[in-house]
Amino acid sequence: MNGFAKNSEYCFFNTLLQLPGIIINDVHVEESRIIIMAQTKEKYGTCPLCGKRSHRIHSVYCRTLQDLPVCAREVFIKLQIKKFVCTNPRCKKKVFSQRLPSGIRRYSRRTGRAEEQLTQLSLEVSGRKGSWISKLIC
Ligand SMILES: [Zn+2]
């Protein structure tokens, strides 16, 4: 199967991903990888400094997260993440990134389960063998 997934298939990928708080916008299935274009569900952000909610979007950036492979295809989630403007005039934080859905750690380039699998693999197998095996399955 090559090309873009149909709307009915998004439901399948949503069920497969099990990442609450994410909306799938598009899925592109290639011969060796699956690319999932997604965004977070939250329409507002909560300032980490003053706690005030903001709907005022400053910018949007895209982070690529590697997930566990499916049917021998690498899976990448291209997640749009919003930055909000803190509207509290007394707050020192002017711009902040929205909280990420559970299962995705801050600054991470992998989903939590992909990181967990890589960590387990590293603990079980050390050195070159671990690196070699991780290239096969991650
Ligand atoms: Zn604030």
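1. C71 lies in the loop between β6 (57–70) and β7 (73–85). In this predicted model, C71 has a positive phi of about 50 degrees although it is not a glycine. The residue is exposed, at a relative accessible area of 70%. A72 is found in the loop between β6 and β7 as well. Its phi is also positive, near 65 degrees, again in a residue other than glycine. A72 counts as exposed, with 80% relative accessibility.

2. The two strands on either side of that loop form a hairpin, with two residues between them. The positive phi of C71, about 50 degrees, therefore belongs to the turn of this hairpin, and the 70% relative accessible area of C71 is over the 50% cut-off, so the residue is classed as exposed. β6 and β7 pair in the antiparallel sense, and eleven bridges connect them. One of the pairs to look at is I57, whose bridge partner in β7 is F84.

3. β7 has further partners. Strand β3 (residues 33–40) runs parallel to β7 and is joined to it by seven bridges. Two pairs can be used to check the register: I34 has V75 of β7 as its bridge partner, and Q39 has Q80 of β7. Strand β8 (residues 95–97) pairs with β7 in the antiparallel sense over three bridges. Here K83 stands opposite S97 of β8.

4. β3 is in turn paired with strand β2 (residues 22–29), in the antiparallel sense and over seven bridges. Within this pair, H28 stands opposite I35 of β3. The connection from β2 to β3 is a hairpin of three residues. When tracing the sheet, one can thus go from β2 to β3 by the antiparallel pairing, from β3 to β7 by the parallel one, and from β7 to β6 by an antiparallel one.

5. The zinc ion should be checked next. Four sulfur atoms coordinate the ion, SG of C47, C50, C86 and C91, at 2.2 to 2.4 Å. The angles among the four donor atoms are 102 to 116 degrees, and the site is tetrahedral. That assignment follows because the criterion for four donors is that all angles lie between 85 and 135 degrees. Along the sequence, the donor residues are spaced C-x2-C-x35-C-x4-C. Of the donors, C86 and C91 are both buried.

6. K52 is worth a look in relation to C91. K52 has its place in the loop between β4 (45–46) and β5. The C-alpha atoms of K52 and C91 are separated by 9.3 Å, with the two residues 39 apart along the chain. K52 counts as partly exposed, at 38% relative accessibility. That value lies in between the cut-offs of under 20% for buried and over 50% for exposed, which is why K52 falls in neither class. C91, in contrast, is buried.

7. Helix α2 (residues 112–124) has the expected length. At 1.5 Å a residue its 13 residues should span 18 Å, and the end C-alpha atoms are 18 Å apart, which agrees. A114, E115, L118 and L121 are the residues to inspect on the buried side of α2, since each of them is buried. They cover an arc of only 125 degrees around the axis, so they are on the same side of α2. The face turned away from this buried side carries E116, L123 and E124, which are exposed. A colleague viewing α2 may note that E115 is listed among the buried residues, whereas E116 is listed among the exposed ones.

8. For the protein chain as a whole, the secondary structure comes to three helices and eight strands. From the N terminus on, the order of elements is β-α-β-β-β-β-β-β-β-α-α. The chain has 138 residues, and buried residues make up 32% of them.

9. On confidence, the mean pLDDT of the protein chain is 84, and 88% of its residues reach 70 or more. Among the elements, strand β1 (residues 3–4) has the lowest mean pLDDT, 56, and strand β5 (residues 53–54) has the highest, 96.

Definitions and conventions
Residues numbered from 1 in each chain as written. Predicted model: local features only at pLDDT ≥ 70, side-chain atom pairs only at ≥ 80, totals over all residues. Heavy atoms only, no water. Helix = DSSP H or I, 4+ residues; strand = E, 2+ residues; numbered from the N terminus. Expected span 1.5 Å × (residues − 1). Buried < 20%, exposed > 50% of the residue type's maximum accessible area, 1.4 Å probe, protein only. Arc of directions from axis to C-beta. Donors = N, O, S within 2.8 Å, 3.2 Å for Na, K, Ca; no water. Tetrahedral: all angles 85-135°; square planar, octahedral: opposite > 155°, others 65-115°. Pairing = 2+ DSSP bridges. pLDDT = per-residue confidence, 0-100.
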